[in-house]
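Visitor: Before we look, I would like each label to be justified by the value behind it.
Guide: Then let us take the labels in turn, with the model in view.

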Number of protein chains: 2
Amino acid sequence: MAAELSNKQVILKDYVSGFPKESDLPFTTGSKQLNVPQGSTGVFVKNLFLSCDPYMRGRMSPKRPGAYSDSFIPGSPITGYGVARVLDSGHPDFKKGDLVWGLTGWEEYSLITATQGLFKVHDTDVPLSYYTGILGMPGMTAYAGFYEVCSPKKGEYVFVSAASGAVGQLVGQFAKLSGCYVVGSAGSNEKVDLLKNKFGFDEAFNYKEEQDLDAALKRYFPEGIDIYFENVGGKMLDAVLLNMRLHGRIAVCGMISQYNLGQPEGIHNLAHLILKRIRMEGFLVIDYYHLYQKYLEMVLPQIKAGEIVYVEDIVEGLENGPAALIGLFTGRNVGKQVVVVARE
Amino acid sequence: MAAELSNKQVILKDYVSGFPKESDLPFTTGSKQLNVPQGSTGVFVKNLFLSCDPYMRGRMSPKRPGAYSDSFIPGSPITGYGVARVLDSGHPDFKKGDLVWGLTGWEEYSLITATQGLFKVHDTDVPLSYYTGILGMPGMTAYAGFYEVCSPKKGEYVFVSAASGAVGQLVGQFAKLSGCYVVGSAGSNEKVDLLKNKFGFDEAFNYKEEQDLDAALKRYFPEGIDIYFENVGGKMLDAVLLNMRLHGRIAVCGMISQYNLGQPEGIHNLAHLILKRIRMEGFLVIDYYHLYQKYLEMVLPQIKAGEIVYVEDIVEGLENGPAALIGLFTGRNVGKQVVVVARE
């Protein structure tokens with residue numbers, strides 16, 4: 001019989017309705033076989049960093065028709081993006097000692113059989129945790145959503161909601177590098193300060209301090225908005241629709257304000273899509289991973305030259321993962337939320 | 001002093017809120033100078049057919065920010081698309097005797113100064129009224145929205161709302177000619193019959209007889225919808241969002257169910273834009289008139305070969321125009337609503 005390791009895990013207790021609580025994601029200790037089973041093409045990894053991402057909320061509910069990702073399995077460890085070290089491999093593309101990022105388990109050790117979703121980490125001159133953020137799924141999301149979906153042009157007016165988050169902070173910086181005027185919204189004055197003074201947004205505002213989002217947008221965009229990078233949905237989207245310019249583009253990346261509501265809020269201003277001939281397009285990063293190498297060739301030099309910065313909110317220890325993940329939905333995190341499982 | 005003609009007119013009494021009534025559009029008699037004024041590049045026309053179009057409701061309200069067309073002027077004749085005979089011209093491109101279509105007045109005689117919106121009628125082997133419909137603005141709308149915005153592929157599943165209207169009946173026929181499966185919704189059994197037996201839709205249903213639009217769509221689209229040609233908005237749009245397929249397209253042409261509401265209904269299912277990576281795009285025909293000649297080259301032979309049919313709902317007499325126009329919003333018309341001002 002193969003040797004086994006003790007394996008701390010975060011499991012989904014049961015499907016969640018409404019806001020998730022820490023008690024929905026209990027911390028337990030299981031065990032894991034040390035090697036890849038004979039004949040398997042999986043890889044056995046030690047998890048180093050785990051990524052907290054808003055889309056994971058959807059996986060805590062029973063699978064909805066048309067959903068792109070499976071639900072978590074009650075009683076089993078939840079899964080998500082992470083950075084890991086390969087300890088054993090049955091796959092010709094991965095060998096012991098490789099660093100990888102991709103979908104893994106919220107546990108100390110994982111056997112990853114869906115290896116088609118794994119990327120090898122080649123460049124380690126940057127913080128390894130960046131492969132959960134700027135160099136991982138959120139980075140590709142910002143890149144695909146801004147450049148591929150929005151087709152920005154120099155001088156355009158760009159608005160980003162949830163702008164200090166894992167994706168938003170990059171969209172704002174990409175917009176500045178593209179010669180756009182960019183404004184971000186966030187949920188605290190600390191985040192607003194970050195947007196203006198760290199990420200170089202032209203302006204930023206705390207949406208919680210605005211009685212009238214339409215008026216706030218009119219203040220920052222007297223000429224209107226060409227590009228809206230949508231991360232929040234709800235009332236913000238309705239206010240943005242009133243302020244879009246002719247032939248504007250809305251990249252719908254996420255709607256975090258709606259994920260924990262039984263019935264999403266109604267959007268009333270869609271007729272503006274016609275008046276201003278607006279294209280509103282939902283997208284998922286999984287359709288754009290073929291551009292990952294191209295993205296790295298753009299962004300790695302920008303990081304190393306200090307042209308792009310990335311702010312992470314790092315918590316130590318898998319046992320602190322559930323609170324960190326849940327904190328996304330109250331905006332507790334400042335920057336990309338990362339969980340450290342192990343520092344080698 | 002130039003000679004004057006008696007000129008029957010339909011005027012806007014005052015800005016309208018809610019559903020328009022016939023009393024909002026009184027019928028009066030004015031007078032019109034018989035010739036184009038000295039030095040003007042306008043054309044003086046005798047109006048023959050006038051077009052009743054849903055977008056005209058917006059022009060009965062004070063101009064909204066971002067609106068693409070000016071409001072009607074209270075106390076003055078309303079304007080809209082029509083077919084007319086040139087009686088006098090100060091413009092080098094138009095001469096006495098020409099037939100034209102474009103924006104004109106709801107009156108017997110009009111002086112058109114915005115001649116850039118006028119098209120000359122060259123082909124008179126088809127009913128002249130067709131230039132208010134299949135060969136005019138609604139035809140170009142169906143063509144641009146279906147072919148340019150939706151990029152249909154053979155075998156795709158197409159849904160059209162307000163499907164027996166001026167635009168919808170064409171979208172359905174274009175979809176069939178493109179090898180798509182097409183279903184239409186309309187508001188009476190007579191219209192449903194027309195869709196199936198006259199226009200060749202694969203299926204059709206009366207939305208007023210459906211308790212649950214989501215269930216109705218699931219019945220007709222067990223595989224889901226690739227293309228939705230949106231004419232109505234509101235509850236139908238919300239139900240469609242639940243039934244879209246991966247990489248679906250929604251061409252937002254109009255939202256007639258919402259035009260007379262003070263506050264438009266809320267749309268709750270926009271998160272499906274992300275899940276299914278849907279592109280939802282508002283469009284206006286005015287951005288596509290450069291394709292008009294190309295469209296005529298496609299559609300005129302199709303009409304003459306009987307491959308495309310067009311159903312009009314024709315009322316005689318300008319005095320019956322207000323009731324016809326208002327009837328659009330209760331679905332009174334069966335097919336394209338046309339008003340005959342004069343038959344030469």
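Guide: Copies are superposed by least squares on the C-alpha atoms of residues with pLDDT of at least 70 in both, and the pLDDT enters here because this is a predicted model.

Visitor: What makes the relation between chain A and chain B a two-fold rotation axis?
Guide: Chain A can be laid on chain B by a turn of 180° with a shift of 0.0 Å along the axis, and the RMSD is then 0.0 Å. The two copies are thus related as by a two-fold rotation axis. Within chain A, the residue that comes closest to this axis is G266(A), whose C-alpha lies at 1.9 Å.

Visitor: How do you know that the copies meet through the same surface?
Guide: Of the interface residues of chain A, 100% are also interface residues in chain B, so the surface through which the copies meet is the same.

Visitor: Why is the pair of Y157(A) and Y181(A) called edge-to-face?
Guide: Ring centres must lie within 6.5 Å to pair, and planes over 60 degrees apart count as edge-to-face. The rings of Y157(A) and Y181(A) have centres 5.8 Å apart and planes at 70°, so both conditions are met and the pair is edge-to-face. This pair links distant parts of the chain, since Y157(A) belongs to strand β8 and Y181(A) to strand β9 of chain A, 24 residues apart.

Visitor: Are these two tyrosines buried or partly exposed?
Guide: Buried would require under 20% relative accessible area, and exposed over 50%. Y157(A) has 24% and is therefore partly exposed, while Y181(A), at 26%, counts as partly exposed.

Visitor: Which aromatic pair in chain B ties together parts that are 121 residues apart in sequence?
Guide: F174(B) and Y295(B) form an edge-to-face pair, with 6.3 Å from centre to centre and 85° between the planes. F174(B) lies in helix α2 and Y295(B) in helix α7 of chain B, so the pair ties together parts 121 residues apart in sequence. Both F174(B) and Y295(B) are buried.

Visitor: Why does C52(A) form no disulfide?
Guide: A disulfide needs two cysteine sulfur atoms within 2.5 Å, whereas the closest cysteine sulfur to that of C52(A), in C253(A), is 16 Å away and therefore too far for a bond. C52(A) has 3% relative accessibility, so the residue counts as buried.

Visitor: What rules out a bond for C150(B)?
Guide: The closest cysteine sulfur, in C180(B), is 9.5 Å from the sulfur of C150(B), which is too far for a bond. Over all chains, the count comes to 0 disulfides.

How values were computed
Residues numbered from 1 in each chain as written. Chains lettered and ligands numbered in written order. Predicted model: local features only at pLDDT ≥ 70, side-chain atom pairs only at ≥ 80, totals over all residues. Heavy atoms only, no water. Buried < 20%, exposed > 50% of the residue type's maximum accessible area, 1.4 Å probe, protein only. Phe/Tyr/Trp six-rings, centres within 6.5 Å; stacked < 30°, edge-to-face > 60°. Helix = DSSP H or I, 4+ residues; strand = E, 2+ residues; numbered from the N terminus. Contact = heavy atoms within 4.5 Å.
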